[in-house]
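The following report is meant for a reader who meets this structure for the first time. It goes from one residue outward to the elements around it.

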Amino acid sequence: MKAMLLAFVAMGLVAVGADLALDQIGFSSSDRGSSGDVRLDDG
Amino acid sequence: MVRRLLALFLVLSLGTGAFAQEGFTPSDPDRSATGGAQTLEDIMARQEQMRVDDSFRSDLTGDPDAAAPTTDQLGTRGGASDPDLWRGLRYDTADVTTQARGPAATTLIQDGGMRWVAFREGPVAVYGGYLLLATIALLALFYVIRGRIRIDGAKTGRTITRFQAVERFGHWLLAGSFILLGITGLISLFGRKAIAAFQSADNPENYERAREVYATLALGSKWIHNNVSWAFMIALVLIFVMWVWHNLPDRTDIKWLAQGGGIFTKHHPPAKKFNAGQKLIFWSVIVLGGSISASGLSLLFPFELPMFAVTFDKINALGIPGWFGFSPLDTALAPHEEMQYAQLWHAIVSFVLMAIIIAHIYIGSVGMEGAYDAMGSGEVEEQWAREHHSIWAEEVLAEKNAPPSAQATPAE
Ligand code: HEM
């Protein structure tokens, strides 16, 4: 039971970590799909 | 062997898309009446889904070497007329510059889109959905006929350790992520169809509300699907490393399979830690899960990891399409077509693995008394172990009951 809960927590951490990490290294879809000139939201 | 099987599976399941255009028009039809342009025959042949040799158009995109010097009149055209340029755009050979970035931004026209949409919304969704429903129905039928597989002998009240905590952690990381990925994947495939059910002329607000709810659901599903995939891939590696040793096929598997696992006979064929059925589950998870991961990565990083043209090339080199009387697979794929194949493959293989896993979940929970404990507490009833994994149980019990002196490694 404990191993299961731990696994589910780890799954959440991995997912959030992946999201942040991919954003950091420039793999957000806005980064990939458009050039800076056409992005209005990030100044 | 596994690679060949995979290749075969690929040919069979993707055949519909790649082979949709059967046969060729005569290699050199007379196009003098149209001055070398398309003829009515070309157009009719295409409408009959035949593959038309387009090289008379696709190769006709001008000749830069024949361009007049820039100092001459018309020199800046670079040896290409307007029709030459349009043909270049049509066949993705023109030198295009766009403001949009990304590897595929300069492909302005590609052929696969409608075929892909039709295949995704049609056969993939329909047969995939039926596969899952049929699996559930068969399991329900099995439950009615066979009932729960009980522990036959008297319980001993003693337990033996079946899986360590780290093994159970790996299993639940795999299981938790796979189930989330399965549900969110199905939402992405069927969600829009499902909200269409809310469409009604009398009550347009209902439909609007359904659309709002679905928008949020779809966005959340996408986030979960994209990011939880990493947990699945990590778990896949963990499980492989921890269990591959116990899943190598051996002679006991043949006997086990020959007796159908004793599922209907109530006689328990001998088995080691994993029986042949479980080994099949394990290898399905590794091979199909690995393939789903590869195609998933290809979808997650659009256009960065194309893998179908190279695979088709290998399949053609082995001559596999010829075995079935097909012409070679198309290997000149536009970047978007690579993505379309990746999506179809991802979905098809996922449906197959989901069906297998539904059966696994059944047998690991309601289907068999005493099985769940192996992944719950890690401790199983001794009698359960003797019945379902006799060879393994004997080994573990012999070790457990051996006098302390025999357990210690003798000094040499
Ligand atoms: C609620 C869902 C699930 C339950 C209740 C469950 C239960 C179990 C149990 C009890 C075992 C140990 C069997 C034994 O002691 O011999 C097991 C093994 C295993 N599980 Fe699961 N499982 C679930 C989901 C999954 C998923 C989603 C996957 C993979 C995607 C998976 C992959 C495996 C594999 C590869 C094994 C080892 C081979 C085998 O025993 O068949 N399981 N599971």
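Which residues does Ala231(B) touch, not counting residues up to four places away in sequence? In this predicted model, Ala231(B) touches Ala10(A), Met11(A), Val14(A) and Ala15(A) in chain A, and Leu173(B) and Ser177(B) in chain B.

**The nonpolar cores**

Ala231(B) also belongs to the largest nonpolar core, which has 45 residues, and is named with Leu173(B), Leu174(B) and Phe232(B) among those that touch the most other members. Two or more residues of this core come from helix 1 of chain A and, in chain B, from each of helix 5 (113–146), helix 6, helix 7 (204–243), helix 10 (308–318) and helix 12. The largest share, 12 residues, is supplied by helix 12 of chain B. A second core, separate from this one, has nine residues, including Ile160(B), Val380(B), Trp384(B) and Ala393(B).

**Chain A and its contact with chain B**

The secondary structure of chain A consists of two helices and zero strands, and of the 43 residues in this chain 14% count as buried. Where chain A meets chain B, the contact takes 17 residues from chain A and 17 residues from chain B. On the side of chain A that touches chain B, helix 1 (2–24) and helix 2 (29–33) of chain A are the elements that give two or more residues, and helix 1 of chain A provides the largest share, with 11 residues. Sorted by class, that side of chain A has 12 nonpolar, three polar and two charged residues.

**The shell around the ligand**

There are 21 residues around the ligand, and those that come nearest are Ala175(B), Gln278(B), Ile281(B), Gly364(B) and Ala374(B). At least two residues of the shell are supplied by each of helix 6 (165–196), helix 9 (276–300), helix 12 (335–364) and helix 13 (372–376) of chain B, while helix 6 of chain B gives the most, with five residues. By class, the shell around the ligand has 15 nonpolar, five polar and one charged residues.

**Helix 9 of chain B**

Helix 9 of chain B, with 25 residues, reaches 35 Å from its first C-alpha to its last, which is close to the 36 Å expected at 1.5 Å a residue. Among the buried residues of this helix are Gln278(B), Lys279(B), Val285(B), Gly289(B) and Ser291(B). Why does Ser291(B) count as buried? Ser291(B) counts as buried because it has 20 C-beta neighbours inside 10 Å, and a residue needs 20 or more to be placed in that class. The C-alpha atom of Ser291(B) is separated by 7.7 Å from that of Val349(B), although the two residues are 58 residues apart along the chain.

**Two loop residues with positive phi**

Two residues in loops of chain B are set side by side below.

| Residue | Phi | Loop in chain B | Other C-beta atoms within 10 Å |
|---|---|---|---|
| Asp92(B) | near 60° | between helix 4 (82–90) and helix 5 | 19 |
| Phe303(B) | about 70° | between helix 9 and helix 10 | 16 |

Asp92(B) has a positive phi in a residue other than glycine, and Phe303(B) likewise has a positive phi although it is not a glycine. Asp92(B) is partly exposed, with 19 other C-beta atoms within 10 Å, and Phe303(B) is partly exposed too, with 16.

Technical notes: Residues are numbered from 1 along each chain as its sequence is written. Chains are lettered from A and ligands numbered from 1 in the order in which they are written. This is a predicted model: local features need pLDDT of at least 70, side-chain atom pairs count only at pLDDT 80 or more; totals for chains, interfaces and linings use all residues. Two residues are in contact if their C-beta atoms, placed from the backbone, lie within 7 Å. Helices (H or I, at least four residues) and strands (E, at least two) are DSSP runs, numbered from the N terminus. Ala, Val, Leu, Ile, Met, Phe, Trp, Tyr, Cys and Pro count as nonpolar, Asp, Glu, Lys and Arg as charged, and the others, Gly among them, as polar. A residue is near a molecule or strand if its C-beta atom, placed from the backbone, lies within 6 Å of it. A nonpolar core is a set of buried Ala, Val, Leu, Ile, Met, Phe, Trp, Tyr and Cys residues joined through C-beta atoms within 7 Å. A residue is buried if 20 or more other C-beta atoms lie within 10 Å of its own, exposed if 12 or fewer, and partly exposed in between; C-beta atoms are placed from the backbone. The expected span of a helix is 1.5 Å times one less than its number of residues.
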